[in-house]
Structures are given as structure tokens and as C-alpha cells.
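Student: I have a model open on my screen and would like to talk through it with you. Shall we look at it together?

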Amino acid sequence: MHLKLTAADKTDVGKQRDQNEDYAYKRVESSEDGDRGLFIVADGMGGYKAGEVASKLAVETISKALDFFFKPVHDQPTIKLDKAALDPNKTVKLNSTPANSTTSQKTQKLPETQAVSLIGDQLESAIQQANKAIVGYGEKKSSARGLGSTVTAALIQNDQAYIANVGDSRTYLLRGNNLTPVTRDHSLVARLVESKQIEPEDVYTHPQRNLIYRSLGAGHKHVEVDIFHQQLKPGDKLLLCSDGLWEMIRHQDLLNALGEQNSPQTICDTLIDLANANGGEDNISAIVVHISAH
């Protein structure tokens, strides 16, 4: 079945900040084998101007690195694999070569689990490039040293979604009446919840709720990226958002807003309004993606 993606995004400075250090990005293109999409929310950190530079660098680097994903198959880079790499129990090592280069290697179809692994690896590689770009910028500009950004991204090929996360921006999946976070926060309060030292509801009010232990940049040459694979179905919705949204809107209210039979843009508008009505303590960003049958 070929699936159609309909998406909208919105970002807002909120009620208490002077500038918006969030950055949201969406790209959807139709193809013969179902729609393809790339969606990114980044939340920058690092003081005056540095945070907005970090989030913009993250989005621009990731989107540029994954531009090939939207090209026709014959224009995409060829991935050369060792024969051992076709063993589904082994890790795939990537080696990209231009599509027009000549090779006598025999083409082999990857097992589905291998194909999933490859796209996940490409998404992770794009995020590692973003990390390198942010660190490099901080090394050149002393006033921006230590700048960083969270990121959550969804790369979708028809019914297959590859979702990445670094930090405490989130991607949720709404299926039927169930709204579940696909990503896991890299934050102090998330660890406290996991270790049962605080209740899940406490994350909204905990005095150290803004402390994260993983981000792009912040002087780290390498960052660990969480990658999740999710099969999509008609009727699903994805929400990508910064912590300025989910910290301001309780789970049931998120579920109610996403469950309405409204356009993605109307839902984004509603979510931003809700977050501001509840205090708007931080910058607020949302991307809503609706999945339907073609």
C-alpha cells in the first residue's frame, strides 16, 4: 500500500523568551512507491544568538546530508557491501560511491532488516555531521563556545519511519486513541523516572527538568544517537516537538488535540496556543504529520 504524507509545522517564541532558538523543518515529496518525508525539530542552547545558530546548523546540515533520499533511485549513491554484510546477524559497514561509477560487482537485494539498518545508519550519519558542524562553529567563535542543540527527526519512506533523537525534544505516534512517545528523553528527570525516584507527572514541575545529559555540540566530538524504526499505518499521526511544547501540555490534552479530525496546520496552531495559554515558558515548536492511504 502506498501512503500519503500531509504535514504542517509551527514555531513560536513563547511568553517568556526574547528570541526563538527552536528550528522546525519539513519536506515531503511524492514518488511512485509512496511519499517520502523528512521532518526535524531542533532546540538550540548556548546563550545570546548561539542557540539559534546551533538549531539552524543542525537542521541545515541534516537536511542537506539527506537530500539524496529524495532523488530517483538511479541518482542515489551506491552502497558497496562486503558479502559478510549480507549476513543479517552482522553489522553493515557503509561505503558510498557515486551512482555513475562503473563496477563489476553483482547487485544483490538486501534483506528487509538490512535495508532498515542502512537507512537508520544514513540518518545517524547526517546527525553526526550536524554535531561536527556545531562543534566546529563553536571552536571558531569564542562567543559561541559550548553552543548545542537537541534534535528529533523522522525520515519516512512510504510506510517505514526512521526516527532519531538526541536530547529532550520528542516524537510521538498517535494510533487510534493511543498516543505514545517513540523517543526517550536524555534528561535528568527521565532518568529519575526510570529509577522510580520521581513520578512521571513530576517531570513537568521538577526544578531540574531542563537538565539534559546528551545534545549536539556542547564541545562533544561524537554524540550517541537513538534511532527507532516504526512501521506506519493509514490514520497514524506523528508529532515532533520541542520541550517547550510537551512540558506545557499534559498528555491527555496532547491526545485530545491530535485526535481531532482537523488539518495538520490547525492542530499545530491549537498546540502552540495551548502551550502559550499554559505559561509558554520556553520556545515552542511542533510538526504534525498525518499518514493516509493514497
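Student: Which helix holds both Glu60 and Lys56, and how many residues apart are they?

Tutor: Happy to start there, keeping in mind that this is a predicted model. The side chains of Glu60 and Lys56 meet in a salt bridge, 3.9 Å from N to O. Their spacing is about one turn of the helix. The two residues lie in helix 1 (residues 50–65), four residues apart.

Student: What is the relative accessibility of Lys56?

Tutor: Its partner Glu60 is partly exposed, at 39% relative accessibility. Lys56 also counts as partly exposed, and its value is 38%.

Student: How many residues apart in sequence are the parts that Arg250 and Glu201 tie together?

Tutor: Arg250 forms a salt bridge with Glu201, with the closest N and O atoms 3.6 Å apart. Arg250 sits in the loop between helix 4 and helix 5, while Glu201 is in the loop between helix 3 (188–194) and strand 10 (216–217), so the pair ties together parts whose separation in sequence is 49 residues.

Student: Which residues are joined into one network by salt bridges that share partners?

Tutor: One link to look at is the salt bridge of Arg27 with Glu29, where the closest N and O atoms are 2.8 Å apart. Salt bridges with shared partners make one network of Arg27, Glu29, Asp67 and Lys71.

Student: Asp159 has no salt bridge; how far away is the nearest side chain of opposite charge?

Tutor: Asp159 is in the loop between strand 6 (148–157) and strand 7 (160–166), and this residue is buried. Leaving out residues up to four places away in sequence, Asp159 touches Leu3, Gln230, Gln231 and Leu232. A salt bridge needs a nitrogen within 4 Å of a carboxyl oxygen. The nearest side chain of opposite charge belongs to Arg175, at a distance of 9.0 Å.

Student: What span should helix 6 have, and how far apart are its end C-alpha atoms?

Tutor: Helix 6 covers residues 264–277, and its buried residues include Ile267, Leu271 and Ile272. Among the elements covering those buried residues are strand 1 (3–12) and strand 13 (284–293). At 1.5 Å a residue, its 14 residues should span 20 Å, and this agrees with the distance between the end C-alpha atoms, 20 Å.

Student: Over which residues does pLDDT stay under 50?

Tutor: The protein chain averages a pLDDT of 88, and 84% of the residues score at least 70. Where pLDDT is low, predicted coordinates should not be read in detail. The stretch where pLDDT stays under 50 is residues 82–110.

How values were computed
Residues are numbered from 1 along each chain as its sequence is written. This is a predicted model: local features need pLDDT of at least 70, side-chain atom pairs count only at pLDDT 80 or more; totals for chains, interfaces and linings use all residues. Side-chain values use heavy atoms; hydrogens and water are left out. Buried means under 20% relative accessible area, exposed over 50%, partly exposed in between (1.4 Å probe, protein chains only). Lys and Arg count as positive and Asp and Glu as negative; His and the chain ends are not counted. Contact means heavy atoms within 4.5 Å. pLDDT is the predictor's confidence in each residue, from 0 to 100. The expected span of a helix is 1.5 Å times one less than its number of residues.
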